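Colleague: Please bring up the model with its sequence. I should then like to go through it by question and answer.

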Amino acid sequence: MIRYLDGGQLNIDNNRAERAVKPFVIGHKAWLFANTRTGASAALYGQVETAKINGLGPYHYLTHLFEQLPTANTPEALAKLLPY
């Protein structure tokens, strides 16, 4: 509270941080029963969140990604599919 009073530019709540992690927390409950060894749910979540951070629509990015992945057989081709 002292830091908030000393610096008027600080937010008094952490709503922004709470909203950023909320989808992961909700998804985590569902992933508990996914029963995958490779963490496919977490990998997919990471792709979706990275696409959103980079201003891409997750649905369109994943559609493009799944269409192009079978033909991307070099590191350069895979690099072109990254969302950033």
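**A salt bridge and a core**

Modeller: Glutamate 49 counts as buried, at 19% relative accessibility; buried means under 20% relative accessible area, exposed over 50%, and partly exposed in between (1.4 Å probe, protein chains only). This is a predicted model, in which local features need pLDDT of at least 70 and side-chain atom pairs count only at pLDDT 80 or more, while totals for chains, interfaces and linings use all residues. Residues are numbered from 1 along each chain as its sequence is written, and side-chain values use heavy atoms, with hydrogens and water left out.

Colleague: Which side chain meets that of glutamate 49 in a salt bridge?

Modeller: A salt bridge requires a side-chain nitrogen of Lys or Arg within 4 Å of a carboxyl oxygen of Asp or Glu. A search of the whole structure finds one. Its N to O distance is 3.0 Å, and the partner of glutamate 49 is lysine 52.

Colleague: Where do lysine 52 and glutamate 49 lie?

Modeller: Helices are DSSP runs (H or I, at least four residues) and strands likewise (E, at least two), numbered from the N terminus. Lysine 52 is partly exposed, with a relative accessible area of 43%. The two residues are three apart, about one turn of the helix, and both lie in helix 3.

Colleague: How many helices does the protein have?

Modeller: From the N terminus on, the elements run α-α-α-α-α. The protein has zero strands, and its helices come to five.

Colleague: Which helix supplies the largest share of the largest nonpolar core?

Modeller: A nonpolar core is a set of buried Ala, Val, Leu, Ile, Met, Phe, Trp, Tyr and Cys residues joined through side-chain atoms within 4.5 Å. The largest one has seven residues: Val48, Ala51, Tyr61, Leu62, Leu65, Ala72 and Leu81. Helix 3 (40–53) and helix 4 (58–68) each supply at least two of its residues. The largest share, three residues, comes from helix 4.

Colleague: Which residues is leucine 62 in contact with, leaving aside its neighbours within four places in sequence?

Modeller: Contact means heavy atoms within 4.5 Å. Leucine 62 belongs to the largest nonpolar core. With those neighbours left aside, its contacts are Leu44, Gln47 and Val48.

Colleague: What feature does UniProt place at residues 48–84?

Modeller: The span is 62% helix and 0% strand, with its end C-alpha atoms 12 Å apart. UniProt positions are given in the numbering used here, feature names are shortened, and annotations may be inferred rather than shown by experiment. The unreviewed UniProt entry gives "domain: Transposase IS66 C-terminal".
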